[in-house]
Amino acid sequence: MSDPTFNRSQLEQLISRRFFYAPAFAIYGGVAGLYDYGPTGCALMNNIVQLWRNHFVLEEEMLEVDTTVMTPAEVLKTSGHVEKFSDWMCKDTKNGEIFRADHLIEAVLEARLQGDKEAKAAAAGTQVEATVTDPATAKKATKKKKSKVVVVELKPEEKEAYEEILAKIDNYSGPELGEIIQKWGIKSPEAGNDLTPPQEFNLMFDSSIGPTGHLKGYLRPETAQGQFLNFKKLLEFNNDKMPFASASIGRSFRNEISPRSGLLRVREFTMAEIEHFVDPDNKDHPRFDEVKDIKLNLLPASVQLEGKTDITVMTIGDAVAQGVVDNKTLGYFLGRIYLFLTKIGIKTDKLRFRQHMSNEMAHYACDCWDAEIRSSYGWIECVGCADRSAYDLTVHSKKTKEKLVVREQLDEPKVVNKLQLEVNKKVFGPKFKKTAKAVEEALIALSEEGLQKLKDELESSEKTSINVEGQDYELTKNEISIERVTVTEHIREYTPNVIEPSFGLGRILYSLLEHAWWKRDNDEDRNVLSFPAVVAPYKCCLLPLSGNAVFAPVARDLSHQLRAKNISTRTDDSKASIGRRYARNDELGIPFSITIDFQTVEDGTVTLRERDSTKQIREKTEVILQVLKELSEETTTWEKVVETYPAFNAKEADEE
Ligand SMILES: Nc1ncnc2c1ncn2[C@@H]1O[C@H](COP(=O)(O)OP(=O)(O)OP(=O)(O)O)[C@@H](O)[C@H]1O
């Protein structure tokens, strides 16, 4: 259940009033799914990014890269995005309105379940809590335009079926979504018209590179590919040592079908991604013990497949030991993601890790968990964490013939029995002419099983063939021989597997705004955003008591000292009362305020007010600056500060 007192439109007004972000191109009417960040939003985002860098890149000595957004089509064909990076959409058959099929089903069924609850509550003469359903979507999901949902009691089997569909919503194929739409009479929500069967829609924005228009390109839909393509250089940079991780922070683009949830679904957004390259035969992590006792809210695939959404609370150590999470490296990253999100202020009871079901997971992945954050929009994936196996490096290597492997000196030489391919160059070249190189490379790239198949065919029918870019090339014993040999190997060569935590920073920022927001004394007009100091857009607000000229030089001097200590500060010397200015800066989430008053001019003391408690201390400026430095870097807490310095309540000041 969501908090029934939560009023999203009030939060949205605050976001707009304090310019955290706003629809882009607004004076031209705006474009769905595109947003601009204002000064507070930029500062908040920059702090999240900086913390992400400290928490992951610096802490783990990751290798950061900044790769291009514009990507040649060939790369994204190889990675599978051109063929498969799509969602299912359906159209209103009469007015042409477009919906993302799974989202439409979700909104309609959630609204029907809510209607059922309301009908039952009305019959029993009781009240019902609001659901998490976005009121705007729910409204659209009903034919009755004015009420939030259609209040109808459902048959028990309908209710059960809807709950099961919702638990498995991410696991359906397009045709399955089409069957659900048919079976449960789902129509275009506002107009009530029939819908077309779901069709695939590729989410990439295409473009062309250069003036000829011959080189097709796409805006990248993720930063990952740039990291895979630089694997060889990165491994070399890392002195060929494994395991290691690369990281990248940058913009990605997705032409979302119908973006309607603010920052949660946009067409251009900042991603922060890690590609951790690991030995497929050893997915342990040297720092696993540091996270093994962290308890996570887990929603395993097996539970969802039963049509349920019950959470299991488990330590990471147990989850890996019991095989719920596939391996220690994946478990390690789930722990690190949890630590990062809670550090920036995401509430632990609104954070869960949901495992992908089999259809939902990419065919090459062996396990995948999403960190989902609860907001008024429901549970939303904010970080994906997948074990992508060796897929990406293998496909790029196959396509480019560049070896993307690790070569490791073995401590003990190993005697192995394997198939060896010999190419008879004298006849091979003349036979295949211009394609000889490509055919030879395809043969060299074959796995042991691939070679065995060719050998068997050569032995049984004197000929075999290999397919290169859609064309079959016949081979006989004249051109190639494949023999089983015993060799002593000193080097082990393997393609690393990749564990990929992938963060959408806009979704995290919005969720944080919801989690941080509350109203002081339940007063409609007293909004507070309780950001932790480390991410707060500004750490300190500098407030001269009034416009009296005696305060100006003190404020200038203090502001200079704050800058010198790297404490981001906003000076608010407007004419509003001090209480009103406190309230205004609470809305910006500024955790501390320094007030300069007449006593400051006399004895060099200032007051320091803490946002959430509104308590103050008064000390010499040097002391306050030092305390503030520690508070803003979170090396101390306000609770500790008030144990050392006498605090008094600032309530009266607030109401001045
Ligand atoms: N349209 C979007 N707007 C904002 N953030 C997004 C969007 N699409 C993806 N992200 C972010 O990027 C992260 C990694 O992307 P990923 O490809 O795993 O998402 P996804 O599974 O396609 O998301 P969804 O199923 O919600 O469309 C997500 O966890 C999310 O935080």
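Colleague: By class, how many charged residues does the shell around the ligand have?
Modeller: This is a predicted model. In it, 14 residues surround the ligand. By class, 5 of the shell residues are nonpolar and 4 are polar. The charged count is 5.

Colleague: Which element gives the largest share of the shell around the ligand?
Modeller: The elements giving two or more residues are β11 (268–278), β16 (378–387), β21 (497–504) and α18 (505–516). Among the closest residues are Phe269, Gly384 and Arg507. The largest share is 4 residues, and the element behind it is β16.

Colleague: In which sense do strands β18 and β19 pair, parallel or antiparallel?
Modeller: β18 covers residues 463–468 and β19 covers residues 471–476. They form a hairpin with 2 residues between them. Their pairing runs over 6 bridges, and its sense is antiparallel.

Colleague: Which residue in the turn of that hairpin has a positive phi?
Modeller: Start at the bridge between valine 468 and its partner in β19, glutamine 471. The hairpin has 2 residues between its strands. The phi in question is about 45°, and the residue is glutamate 469.

Colleague: At what angle do the axes of α5 and α8 cross?
Modeller: Helix α5 spans residues 101–124, and helix α8 spans residues 174–183. The crossing is left-handed. The axes come within 10 Å, and the angle is roughly 35°.

Colleague: Which class, nonpolar or charged, has 5 residues in the contact of α5 with α8?
Modeller: From α5 come Ala101, Asp102 and Ile105. They meet Leu177, Ile180 and Ile181 in α8. The contact has no polar and 1 charged residues, and the class with 5 is nonpolar.

Note on methods
Residues numbered from 1 in each chain as written. Predicted model: local features only at pLDDT ≥ 70, side-chain atom pairs only at ≥ 80, totals over all residues. Axes fitted to C-alpha atoms, helices over the stretch in contact; angles between N-to-C directions. Left-handed = near helix turned anticlockwise from the far one by under 90°. Contact = placed C-beta atoms within 7 Å. Nonpolar A, V, L, I, M, F, W, Y, C, P; charged D, E, K, R; others polar. Pairing = 2+ DSSP bridges. Near = placed C-beta within 6 Å.
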